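Please open the structure in your viewer and keep the selection tool at hand. This tour goes from stop to stop, saying what to select and what is found there.

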Amino acid sequence: MVAELALAFPVHPPGSTYPGQFVFCYLPVKQAGLRFIVQADFELVTSRQDIHHGKPVNLWLRDQIAPFFVECLHADEHVRSLMHVFLPSPDDVSDNFWRAMVEQLWNLIATEACIPTVSGKLAAPKDVLLTAPGYGTHK
């Protein structure tokens, strides 16, 4: 199968928020709750307001996003340094179609060093804990 798939990662000043981005099929289709842009040759419903979730080509394209995201992690320092910002939570996404991709993504990156730690190094999500605000700042 030949289809186009592109991911775009917003560039914002440090400390900015990264709101949900649009999924595109050449034109914006919908906000799916992802923090990066997806452009692909999706088959759309007649109104062009959503992706046809039952089409095999759309399921195949969706399943290519997580591995491509991991490739971007390895290929681009900007993406790698802000990986913790771009990773959506399953609760962020709008429906089960996208939730399946987010779960696949988290499974793939579980062993990828992409989360910044207080030591300044990157660690795999499975190896980090969130700390309480102000933790480690007492002298």
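Which two side chains meet in a salt bridge at 3.1 Å, N to O? Select K126 and D127, for theirs are the side chains that form it, where a salt bridge is a side-chain nitrogen of Lys or Arg within 4 Å of a carboxyl oxygen of Asp or Glu. Both K126 and D127 are exposed; here buried means under 20% relative accessible area, exposed over 50%, and partly exposed in between, with a 1.4 Å probe and protein chains only.

Before going on, note that this is a predicted model, in which local features need pLDDT of at least 70 and side-chain atom pairs count only at pLDDT 80 or more, while totals for chains, interfaces and linings use all residues. Residues are numbered from 1 along each chain as its sequence is written, and side-chain values use heavy atoms, with hydrogens and water left out.

**The whole chain**

Show the whole chain as a cartoon, and you can follow four helices and six strands, which are DSSP runs numbered from the N terminus (helices H or I, at least four residues; strands E, at least two). Along the sequence they come in the pattern β-β-β-β-α-α-α-α-β-β. The C-alpha atoms fill a box of roughly 60 × 25 × 25 Å, taken along the principal axes. Of the 139 residues in the chain, 36% are buried. If you switch on a surface, the chain exposes about 8,200 Å², of which carbon and sulfur atoms supply 58%; these areas come from the Shrake-Rupley method with a 1.4 Å probe, and for residues only the protein chains shown count as cover.

**The nonpolar core**

Next, select L34, F36, F42, F69 and W98, which touch the most other members of the largest nonpolar core, a group of 37 residues. A nonpolar core is a set of buried Ala, Val, Leu, Ile, Met, Phe, Trp, Tyr and Cys residues joined through side-chain atoms within 4.5 Å. Elements that each supply at least two residues of this core include β2 (22-25), β4 (37-40), α1 (56-75) and α4 (96-109), and α1 gives the most, with eight residues. Now keep W98 alone and show its surroundings: leaving aside residues up to four places away in sequence, W98 touches V23, A32, L34, F42, I51, R62, I65 and V93, where contact means heavy atoms within 4.5 Å.

**Q39 and Y26**

Move to strand β4 and select Q39. Is Q39 buried or exposed? With a relative accessible area of 13%, Q39 is buried. Its contacts, not counting residues up to four places away in sequence, are E4, L5, A6, F24, C25 and Y26. The side chain of Q39 reaches the backbone nitrogen of Y26 at 2.8 Å.

Select Y26 next, in the loop between β2 and β3 (27-31). Y26 counts as exposed at 52% relative accessibility, and Y26 has a positive phi of about 70° although it is not a glycine. Most residues other than glycine have a negative phi. Another residue to select for this feature is R48, with a positive phi of about 65° although it is not a glycine; R48 lies in the loop between β4 and α1.

**The cysteines**

Now select C25 and C72. Why is there no bond between their sulfurs? The closest cysteine sulfur to that of C25 is in C72, and they do not bond because 19 Å is too far. A disulfide is a pair of cysteine sulfur atoms within 2.5 Å, and by this rule the count comes to zero. C25 is buried at 9% relative accessible area, and C72 is buried at 14%.

**More salt bridges**

The structure holds seven salt bridges. Select K55 and E43, whose side chains meet in one of them at 3.8 Å, N to O. K55 and E43 both lie in the loop between β4 and α1, so the pair ties together parts that are 12 residues apart in sequence.

Then select E77 and R80, whose side chains meet in a salt bridge at 2.6 Å, N to O. E77 and R80 both lie in helix α2 (residues 77-81), three residues apart, about one turn of the helix. As a last stop, select K30, D50 and D95, which are linked in a network of salt bridges.

Methods: Polar contact = N/O pair within 3.5 Å; in protein donor to acceptor, adjacent residues only side chain to side chain.
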